[in-house]
Number of protein chains: 4
Amino acid sequence: MKKGVLRPGHVQVRVLDLDEAVKHYTEVLGLIETDRDDQGRVYLKAWTEVDKYSLVLRQSDAPGLDYVGYKCLDEAAVERLQQELTEFGCHVEEIPPGELKGCGRRVRFDSPTGHLFELYASKEQTGRWGVGNHNPEAWPRGLRGMKAQRFDHCLLYGPDIAGTIQLFEKVLGFDLAEQVVDNQGNRLAGFLTCGMKAHDVAFIECPEKGKLHHISFLLESWDEVLRAADLISMTDTSIDIGPTRHGITHGKTIYFFDPSGNRNEVFAGGDYFYPDHGPITWDAEQLGKAIFYHDRVLNDAFLSVLT
Amino acid sequence: MKKGVLRPGHVQVRVLDLDEAVKHYTEVLGLIETDRDDQGRVYLKAWTEVDKYSLVLRQSDAPGLDYVGYKCLDEAAVERLQQELTEFGCHVEEIPPGELKGCGRRVRFDSPTGHLFELYASKEQTGRWGVGNHNPEAWPRGLRGMKAQRFDHCLLYGPDIAGTIQLFEKVLGFDLAEQVVDNQGNRLAGFLTCGMKAHDVAFIECPEKGKLHHISFLLESWDEVLRAADLISMTDTSIDIGPTRHGITHGKTIYFFDPSGNRNEVFAGGDYFYPDHGPITWDAEQLGKAIFYHDRVLNDAFLSVLT
Amino acid sequence: MKKGVLRPGHVQVRVLDLDEAVKHYTEVLGLIETDRDDQGRVYLKAWTEVDKYSLVLRQSDAPGLDYVGYKCLDEAAVERLQQELTEFGCHVEEIPPGELKGCGRRVRFDSPTGHLFELYASKEQTGRWGVGNHNPEAWPRGLRGMKAQRFDHCLLYGPDIAGTIQLFEKVLGFDLAEQVVDNQGNRLAGFLTCGMKAHDVAFIECPEKGKLHHISFLLESWDEVLRAADLISMTDTSIDIGPTRHGITHGKTIYFFDPSGNRNEVFAGGDYFYPDHGPITWDAEQLGKAIFYHDRVLNDAFLSVLT
Amino acid sequence: MKKGVLRPGHVQVRVLDLDEAVKHYTEVLGLIETDRDDQGRVYLKAWTEVDKYSLVLRQSDAPGLDYVGYKCLDEAAVERLQQELTEFGCHVEEIPPGELKGCGRRVRFDSPTGHLFELYASKEQTGRWGVGNHNPEAWPRGLRGMKAQRFDHCLLYGPDIAGTIQLFEKVLGFDLAEQVVDNQGNRLAGFLTCGMKAHDVAFIECPEKGKLHHISFLLESWDEVLRAADLISMTDTSIDIGPTRHGITHGKTIYFFDPSGNRNEVFAGGDYFYPDHGPITWDAEQLGKAIFYHDRVLNDAFLSVLT
């Protein structure tokens with residue numbers, strides 16, 4: 001929050017078949033559909049989120065990430081950051097209010113890793129789903145599937161993560177919470193936060209630009225990670241790995257795929273961060289343990305990211 | 001973090017018998033003793049804390065709270081806030097560096113509720129106990145008792161919480177995350193945060209000044225709340241209430257007493273907060289449920305707070 | 001299983017309002033209604049049970065227990081036990097097949113504590129609800145409320161538990177797994193098992209005959225005990241005590257009431273038993289801890305049982 | 001318990017280095033060393049076990065299983081079964097009392113799969129470790145590592161499991177709780193129980209005789225399976241697979257290896273069984289899901305078992 005960026009606010013993801021995707025994100029992950037727009041996009045939220053939506057699905061002929069948006073404290077913060085992004089050398093574009101329903105003006109910019117990000121300060125708030133903010137119950141009845149609690153972060157990969165990390169630290173006021181460094185001092189991965197979470201975005205170095213590793217949603221507990229794993233099996237959802245723990249962040253996790261091949265994570269727990277903590281460093285030789293704490297080796301799917 | 005206040009950094013508590021208290025906080029709560037000073041005070045930390053200590057025990061002939069200290073981003077923030085506190089009308093006092101071992105200059109001030117608080121920007125960092133910040137394991141072996149993870153917050157009570165909440169909001173940049181309001185619109189309780197936690201400090205209105213309800217430490221999970229309850233029974237520790245859940249914050253909790261009669265809480269989970277969320281409001285008629293979500297009535301110990 | 005008694009198979013309970021009771025046992029506890037009969041009785045089962053029902057609700061003008069039935073290995077076992085019960089001095093009555101729908105011949109008998117019990121060997125099997133016995137999933141989707149897994153046991157109170165325990169041990173082949181004994185050697189409570197469970201029935205000495213303390217259902221885990229507690233609060237169900245742990249059996253538990261005032265327990269975990277283990281003994285001075293391990297005192301509701 | 005066999009009572013395992021093995025089973029699994037004998041064998045128990053030991057380690061030049069022993073209700077049962085085993089065609093051998101310290105006469109026999117089993121009725125009882133049977137606390141302080149609760153079962157493989165299952169059913173009174181059957185009706189695996197547990201022994205068909213897949217120990221909960229996985233990583237213990245769930249039994253599990261290469265399992269939960277339940281059947285085409293419920297494929301280590 002040093003520069004007014006509050007949190008990951010939304011992510012727009014491309015899917016091959018919208019109906020299948022909506023079914024997956026609502027019935028398996030337990031997100032709630034809150035709107036659609038005249039472009040055919042579907043808006044979804046997780047139940048603890050105050051804003052109207054955090055996931056936007058867009059039908060396309062190739063899966064992947066369109067952009068990640070960060071909510072800012074106020075319009076003044078967005079304006080200041082727009083200026084600084086331009087000075088940093090980003091390609092900066094303004095998206096008019098209403099292009100996403102209920103969302104105000106967005107400032108879109110690119111990163112050296114080849115991803116698109118956005119900043120915005122206003123979005124319609126529909127309140128915590130089923131509980132609101134007046135004598136709220138512990139949780140709403142009627143949740144489905146994994147009962148995902150919030151959109152939490154993305155792990156992205158591309159070239160020049162050094163430049164992108166500099167952008168997030170210097171311009172956006174993020175802190176580097178964890179990193180993987182090889183014995184020549186090269187940073188292979190960086191996990192950045194704008195609040196107390198172990199990460200609000202993470203980057204892994206790879207030659208190809210603009211790649212999405214996964215979008216991640218928070219669960220309540222390790223017990224809920226088991227329920228998620230059970231649901232993955234019951235629904236014949238494609239699993240990547242887990243249940244397991246990450247070394248980095250120490251979150252308890254499972255990876256799987258939506259019907260279009262976009263990787264999802266649901267996780268619980270994980271470390272907290274304050275700006276005076278300094279980054280945690282993992283040696284590249286320990287990368288297996290850093291990523292998958294129990295197996296201590298990367299699986300084939302993860303190895304393919306690095307090449 | 002709006003005004004540079006990061007987190008609750010330490011609490012100094014009076015105990016009747018220092019040895020008994022150290023035994024309680026190390027063997028029952030699982031804190032780690034890190035130092036003692038020539039005043040005889042004992043310094044303890046929880047294992048995930050990067051700073052050297054968060055709890056200071058001082059032998060006295062009456063239990064209770066000496067002060068709560070908040071760590072700030074830097075000295076500049078402390079200086080700005082010192083000025084603003086004075087302007088707000090607080091009695092402000094400077095404590096020289098080293099009065100607490102390893103801690104820099106502290107700015108102490110009082111609140112309308114009759115409590116003493118402190119701001120400081122520097123304290124010796126000894127790192128996460130047993131794991132550090134280089135290829136850190138998930139948790140250290142050798143933890144004892146409840147394995148408390150961090151000092152989390154205090155619940156304080158006294159008169160004029162309206163004035164104190166104004167002080168924390170306007171001067172210190174805290175946000176009101178939750179409140180209890182009666183049907184005349186009087187605020188009976190306020191829970192405030194300077195980060196993403198459900199509360200970094202909380203106040204309940206009562207006629208007597210400067211009272212401590214409890215000091216609270218974070219646990220990993222609801223399973224660990226059960227282990228804590230088991231340990232309370234095994235060690236013949238005086239229990240207040242729990243395991244249960246709070247309505248306010250929805251944390252899973254248990255209350256008990258140190259050998260001097262200071263109330264402790266250990267808890268897990270709970271809601272998260274962002275500055276654009278607005279406060280959650282509980283009606284005073286729902287106070288029982290707000291405090292103890294399952295029983296939905298206040299126990300005798302809690303009722304005595306309110307009178 | 002020494003004498004062929006397998007398990008608690010059903011319990012018939014009187015309720016004041018059948019619709020309210022069905023709503024409670026299905027929506028709050030998560031039992032499944034499987035049938036009704038021309039007497040107006042409602043049959044319910046828990047999802048892991050292979051038999052068609054384990055709870056029978058009968059509308060009446062007073063709540064309480066009609067009888068508890070135990071399923072036996074075969075008709076030969078029932079016949080042998082019928083003979084032995086008569087020889088022991090019980091009043092023995094035969095209930096014809098079909099009096100409970102889908103249930104074979106039942107042998108009903110009374111105990112010195114003034115309760116009615118039954119033995120039977122055949123009941124229609126509908127299989128594990130929603131999963132069956134062919135490639136069964138981990139759990140069925142569509143469960144409601146607390147997702148109770150099985151009817152587990154009853155705690156009963158009345159006079160002459162010594163005689164009743166002798167009946168269960170000598171005639172029915174149960175073992176005494178745990179007991180509470182005062183310093184004159186009087187047994188105040190006995191917990192008996194016919195398998196590996198910590199108890200299949202339990203008795204507490206009290207002057208009044210034929211009383212029901214609670215009927216108990218198994219949950220998956222301590223996390224599910226929390227969910228149960230949350231549901232009790234959300235549904236304004238009357239709570240007795242919990243979440244907590246018992247000393248006796250060490251199960252994790254919560255007590256609450258159905259709309260007619262019959263006490264329910266849901267619990268998870270607990271010790272296991274083998275016939276060569278010998279009973280665990282609790283001193284009467286430790287009765288508080290034996291019953292409610294964390295509070296270490298009996299609450300008013302429990303104290304009233306003893307007088 | 002139909003024929004008087006109570007439970008798996010001990011397993012003797014060969015290890016290459018006794019000191020390393022003792023360190024593994026005590027510090028990683030959390031077993032307690034209770035004795036050694038003049039053959040140099042080491043005796044260990046898990047804390048909830050009433051008997052003095054359940055695991056016997058014997059130094060050898062090849063890892064593997066010596067034998068599994070089952071505790072019986074009394075000597076009469078052992079004698080009856082000895083006769084029946086001989087009639088069934090087993091090679092039956094009597095081991096004199098005291099060959100294992102504190103253990104009475106054992107009747108050893110072989111199975112068509114090429115394993116050695118034993119029956120015995122008496123072994124020294126040292127009581128539940130650290131808690132005993134008088135006002136027992138919920139768990140003992142001072143447990144180490146995974147805090148394994150009991151030796152639970154073995155999974156064995158070899159030829160002619162049909163014959164071995166017949167032996168366990170017909171002679172020893174076990175029930176078949178679960179099975180894997182191919183579309184020609186051949187049974188590829190059988191899980192058998194002598195009580196309420198999902199399995200007390202399990203067999204998988206394979207050409208080689210007398211093989212040990214794993215010895216298994218019970219944990220308290222899924223949270224403890226995570227702790228076990230963390231400890232496996234922290235202690236650089238070789239992992240096979242997990243944390244995950246089995247389809248068969250639905251237990252939550254992790255597989256790893258002792259320093260000699262013997263596979264260990266620790267697991268929590270799982271289905272319960274009664275003799276009137278009939279077996280659960282898994283289709284061979286679903287074998288992946290039956291064994292590893294989340295991944296739904298066999299890993300290389302498991303595939304090698306089948307060939």
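Colleague: What makes the meeting of the side chains of Glu137(A) and Lys289(B) a salt bridge?

Modeller: A salt bridge needs a side-chain nitrogen of Lys or Arg within 4 Å of a carboxyl oxygen of Asp or Glu. For Glu137(A) and Lys289(B) the N to O distance is 3.0 Å, so the pair fits the rule. Glu137(A) sits in the loop between S8 and strand S9 (150–158) of chain A, and Lys289(B) in helix H5 (residues 287–291) of chain B, so the pair joins two chains. Helices (H or I, at least four residues) and strands (E, at least two) are DSSP runs, numbered from the N terminus.

A word on the model: it is predicted, local features need pLDDT of at least 70, side-chain atom pairs count only at pLDDT 80 or more, and totals for chains, interfaces and linings use all residues. Residues are numbered from 1 along each chain as its sequence is written, chains are lettered from A and ligands numbered from 1 in the order in which they are written, and side-chain values use heavy atoms, without hydrogens and water.

Colleague: Is Lys289(B) buried or exposed?

Modeller: Buried means under 20% relative accessible area, exposed over 50%, and partly exposed in between (1.4 Å probe, protein chains only). Lys289(B) has 10% and is therefore buried, while Glu137(A), with 22%, is partly exposed.

Colleague: Which residue does Asp276(D) meet in a salt bridge?

Modeller: Its partner is Arg7(C), at 2.7 Å from N to O. This pair also crosses between chains, from the loop between strand S16 (263–268) and strand S17 (280–283) of chain D to strand S1 (residues 5–15) of chain C. Asp276(D) counts as buried at 19% relative accessibility, and Arg7(C) is buried at 8%.

Colleague: How do you know that Glu124(C) and Lys52(C) link distant parts of the chain?

Modeller: They are 72 residues apart, Glu124(C) in the loop between strands S8 (116–120) and S9 (150–158) of chain C and Lys52(C) in the loop between strands S3 (42–45) and S4 (55–59) of chain C. The closest N and O atoms of this salt bridge are 3.4 Å apart. Glu124(C) is partly exposed at 37%, and Lys52(C) is buried at 10%.

Colleague: How many salt bridges does the rule find across the interface of chain B and chain A?

Modeller: Eight, one of them between Glu220(A) and Lys252(B) at 2.4 Å, N to O. Over all chains the count comes to 121 salt bridges.

Colleague: What is the area buried between chain B and chain A?

Modeller: About 3,800 Å², with 50% given by carbon and sulfur atoms. Buried area is the accessible area (1.4 Å probe) that two parts lose on being put together, summed over both. In chain B, Asn135(B), Tyr272(B) and Asp276(B) lose the most area to chain A, together 15% of what that side buries.

Colleague: And inside chain A, what does the domain assignment give?

Modeller: Domain 1 covers 5–120 and domain 2 covers 152–304; the bounds come from an automatic or database domain assignment. Their centres, taken over C-alpha atoms, are 20 Å apart. The two domains of chain A bury about 2,800 Å² between them, 73% of it on carbon and sulfur atoms. Phe88(A), Pro112(A) and Thr113(A) supply 20% of the area that domain 1 buries against domain 2, more than any other three residues. Between these two domains the count of salt bridges is zero.
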